[in-house]
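Q: Before we go through this model together, could you show me how to read its salt bridges and its pockets, taking the general idea of each feature ahead of the particular case?

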Amino acid sequence: MSQTFLKRMSAGTAIAFALGLAGSSAALAAPPTGEEPAIPPCASGDLAVSLDTPKESAQAKGQFRVAVTFKNISDRTCVTEGVPTVDLVGPEDPNGPVYTLVHGAQEAPASFLTPDETATTTEIVVLTPSPGAVGSTGSTSWTPTHAHITPKGLEQPMIAEWDSKLPVLRQDGATHPGSFVEGIPS
């Protein structure tokens, strides 16, 4: 092969390589045609939380459902998914002032929240004490003051005021407690 031919090959390869890199970096910077960029998960400061009015369950007397509503207070669309961690917090009790609820069987669907939009994807289910009922460690009647709700993937809880007329039977450590948190089937 001639020296001139090799120089042309090398120059042509270098140009093709450079064009290929430029094309690949442009492809990495933008999503493929027709695809939307991923919506980020909601961060702690993106959401506000509130609790709806408790409603007695039709399936179990003395068990109440409290819907949890998230509101996007940020200026961007974000997504929530999964069942949050819920700690009911209140006065001192033989079990302590915090009752961490277990997760129920229902998973919470993903919700894409635009600014100022709300979504109700989770319910807190609590069993109230019946006359003479005694919970774990001798707890008899305990009424939380707040619910600390931490969405999946976040570390900072959001705090909502608990209905002062809704006592909870403490069943800390029970295998199948009557109080839990779960997603609302869509």
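A: A salt bridge is counted here when a side-chain nitrogen of Lys or Arg lies within 4 Å of a carboxyl oxygen of Asp or Glu. Please keep in mind throughout that this is a predicted model.

Q: With that cut-off, how many salt bridges does a search of the whole structure find?

A: The search finds 5 salt bridges. One of them pairs Arg76 with Asp46, whose closest N and O atoms are 2.5 Å apart. This pair links distant parts of the chain, since Arg76 sits in the loop between strand 3 (63-72) and strand 4, while Asp46 sits in the loop between helix 1 (3-29) and strand 1 (47-51), 30 residues apart.

Q: Are the two partners, Arg76 and Asp46, buried or exposed?

A: A residue counts as buried under 20% relative accessible area and as exposed over 50%, with partly exposed in between. Arg76 is partly exposed because its relative accessibility is 29%, whereas Asp46 is buried because its relative accessible area is 9%.

Q: Which residue forms a salt bridge with Asp93?

A: The partner of Asp93 is Arg170, with the closest N and O atoms 3.8 Å apart. Here too distant parts of the chain are linked, for Arg170 belongs to the loop between strand 11 (158-161) and strand 12 (180-183), and Asp93 to the loop between strand 5 (85-89) and strand 6 (98-100), 77 residues apart. Arg170 counts as buried because its relative accessibility is 0%, and Asp93 is likewise buried, at 9%. Arg170 also forms a salt bridge with Asp172, the closest N and O atoms being 2.9 Å apart, and Asp172 is partly exposed because its relative accessible area is 25%.

Q: Which residues are joined into one network by salt bridges that share partners?

A: Such shared partners join Arg65, Glu123 and Glu182 into one network.

Q: Turning to pockets, how does one find empty space, and what is the volume of the largest pocket?

A: Rolling a probe the size of a water molecule over the atoms shows where empty space is left. In this model the largest pocket has a volume of about 210 Å³. Its lining consists of 17 residues, of which Val79, Thr80, Glu81, Pro151 and Lys152 are the closest to its centre.

Q: Which strands each supply at least two residues of that lining, and how does the lining divide by residue type?

A: Strand 4 (78-80) and strand 9 (118-127) each supply at least two of the lining residues. By type, the lining of the largest pocket divides into 10 nonpolar, 5 polar and 2 charged residues.

Technical notes: Residues numbered from 1 in each chain as written. Predicted model: local features only at pLDDT ≥ 70, side-chain atom pairs only at ≥ 80, totals over all residues. Heavy atoms only, no water. 1 Å grid on protein atoms, 1.4 Å probe; cavity = no way out; pocket = protein on both sides within 12 Å on 5 of 7 lines; lining within 4 Å. Points joined across faces, edges and corners; volume = space filled by probe spheres on them. Helix = DSSP H or I, 4+ residues; strand = E, 2+ residues; numbered from the N terminus. Nonpolar A, V, L, I, M, F, W, Y, C, P; charged D, E, K, R; others polar. Buried < 20%, exposed > 50% of the residue type's maximum accessible area, 1.4 Å probe, protein only.
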